[in-house]
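Let's walk through this model together, one region at a time. Keep the 3D view open and turn it as you read.

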Amino acid sequence: MQRPLAHLILAALLAVAAPLPLFAADDTKTYTTQEEAPASYKLQGEYVGKVTVDGAEVKYGVQVIALGNDKFEAVSYPGGLPGDGYSGGNYDDLLKAEATASGGKVEFKGEGFVATLHDGKIEVIGEGGVEVGTLEKVERKSPTLGAKAPEGAIVLFDGTSADAWNNGKIVQEDLLLADCESKEKFGDHTLHLEFRTPFKPDARGQARGNSGLYVQSRYETQVLDSFGLSGADNECGGIYKVSKPKVNMCYPPLTWQTYDVDFTAAKYDADGKKTENARVTIKHNGVVIHDDLELPSNTPGRHQEGPGPDAIYLQGHGNPVVYRNIWVVKK
């Protein structure tokens, strides 16, 4: 597939259309459920399909991100979505486009191509009105979503009580609000938790649903609405100042996501001198994003490294990030 033609096809895929009415000024709000989210949220999401180029079908994934004020950005992934076909590469090399709703829809016109998003799909039409391809909206779920605590696990939160947490607060009837720490402290362990970030279409970067999972209150894995971003060490899945994730597996906001953590604590001698660094393997939505990663030091924002166990901390940043189904197995 020649690059100029591929770019025309991909550019067409990045069209977005909005049903009437257009989105109102209340997009400046923070939304905590899909039911209350505005029309812009309904268009945001992931799309997968094939387009025909020179007689051959080529698979693409597209992530459409709502940016408020009728604006959208779309990012295309050759081979499929991150973690499901896209083989990785330089994020800056991915084709990205912004579009603004006008008159009820937005159309992107390439040389001989028009693409429109409607009814949960992106249709790409070529010269003479011939359909070039269709991408269907998909709603992925983590394969570990709803994972049950195994025998012997310590259940820290099952939706019925926040008694296992200092400053624990239940919201929306059965969800744990960020900004709390476990009363029990842990050394080597495995951890499962599920989190959901709010929808803040006008916010950007660290203001867009910020929280964090601090293992042992010392090592932070970022929790953030980083849907469609590059996957930096200060974005979702990143270990701040230590490592970016192998792939950005962030789902859209208001979607339940999972972290599964296998943690080995740092080792210290009798004099309190560290002899081995901590190590961690983390799966985000079932995909390994850190594989037996060495943690040379604590990350900023909470406790210093030291001998002995410490608590799990769910960082609060003033954003209504919520958690559920949290359990730990000591090793």
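Lysine 50 has lysine 59 in S2 as its bridge partner. That pair is part of the contact between S1 and S2, which run antiparallel and are joined over 9 bridges. Bear in mind as you look that this is a predicted model. Follow the chain around the turn and you will see that S1 and S2 make a hairpin with 2 residues between them. In this turn, aspartate 54 has a positive phi of about 50 degrees.

On which strand does S1 find another partner? S1 also pairs with S10, in the antiparallel sense and over 6 bridges. A good place to pick up this pairing is valine 51, which stands opposite glycine 133 in S10.

Now go back to S2 and carry on along the chain. S2 pairs with S3, once again in the antiparallel sense, over 8 bridges. Here glycine 61 faces tyrosine 77 of S3. These two strands form a hairpin as well, with 2 residues between them, and asparagine 69 takes a positive phi near 55 degrees there. Aspartate 70 sits in the loop between strand S2 (56-68) and strand S3 (71-78), and it has a positive phi of about 70 degrees although it is not a glycine. Why pause over that sign? Most residues other than glycine have a negative phi. Is aspartate 70 buried or exposed? Its relative accessibility is 14%, and because buried means under 20%, aspartate 70 counts as buried.

S3 itself is mostly covered, with 6 of its 8 residues buried. Besides S2, S3 has a partner in strand S6 (residues 96-100), and the two pair in the antiparallel sense over 5 bridges. To find this pairing on screen, look for alanine 74, whose bridge partner in S6 is alanine 97.

A further positive phi turns up later in the chain. Glutamate 173 is placed in the loop between strand S13 (170-171) and strand S14 (175-177), and its phi is near 80 degrees, a positive value in a residue other than glycine. Is glutamate 173 buried or exposed? At 77% relative accessibility, glutamate 173 counts as exposed, because the cut-off for that word is over 50%.

Next, turn to the open spaces. The largest pocket holds about 430 Å³ of space. Its lining is made of 21 residues, and those nearest the centre are Gln34, Tyr41, Glu139, Leu254 and Thr255. Helix H2 (39-43), strand S1 (45-53) and strand S10 (131-138) each give at least two residues to this lining. By class, the lining of the largest pocket has 7 nonpolar, 6 polar and 8 charged residues. Where does the largest pocket lie with respect to the domains? Domain 1 (39-138) and domain 2 (154-330) both contribute to its lining, so the largest pocket lies between them.

The second largest pocket has about 350 Å³ of space. Of the 19 residues that line it, Gly89, Tyr91, Ser230, Lys246 and Val247 are the closest to its centre. Sorted by class, this lining has 9 nonpolar, 7 polar and 3 charged residues. The second largest pocket also lies between domain 1 (39-138) and domain 2 (154-330), because both give residues to its lining.

There is enclosed space to look for too. The count comes to 1 cavity of 30 Å³ or more, and the largest cavity has a volume of about 40 Å³. Val215, Tyr219, Thr221, Ile239, Val280, Ile282 and Leu295 line this cavity. Strand S18 (219-223) and strand S22 (278-284) each supply at least two of the lining residues. The lining of the largest cavity divides into 6 nonpolar, 1 polar and no charged residues.

Finally, a look at the cysteines. How many disulfides does a search of the whole structure find? The result is 0 disulfides. Cysteine 236 is in no disulfide, and the nearest cysteine sulfur, that of cysteine 250, is 4.1 Å away. A disulfide needs two cysteine sulfur atoms within 2.5 Å, so a separation of 4.1 Å does not qualify. Cysteine 236 counts as buried at 1% relative accessibility, and cysteine 180 also counts as buried, at 2%.

Notes
Residues numbered from 1 in each chain as written. Predicted model: local features only at pLDDT ≥ 70, side-chain atom pairs only at ≥ 80, totals over all residues. Heavy atoms only, no water. Buried < 20%, exposed > 50% of the residue type's maximum accessible area, 1.4 Å probe, protein only. 1 Å grid on protein atoms, 1.4 Å probe; cavity = no way out; pocket = protein on both sides within 12 Å on 5 of 7 lines; lining within 4 Å. Points joined across faces, edges and corners; volume = space filled by probe spheres on them. Helix = DSSP H or I, 4+ residues; strand = E, 2+ residues; numbered from the N terminus. Nonpolar A, V, L, I, M, F, W, Y, C, P; charged D, E, K, R; others polar. Domains from an automatic or database assignment. Pairing = 2+ DSSP bridges.
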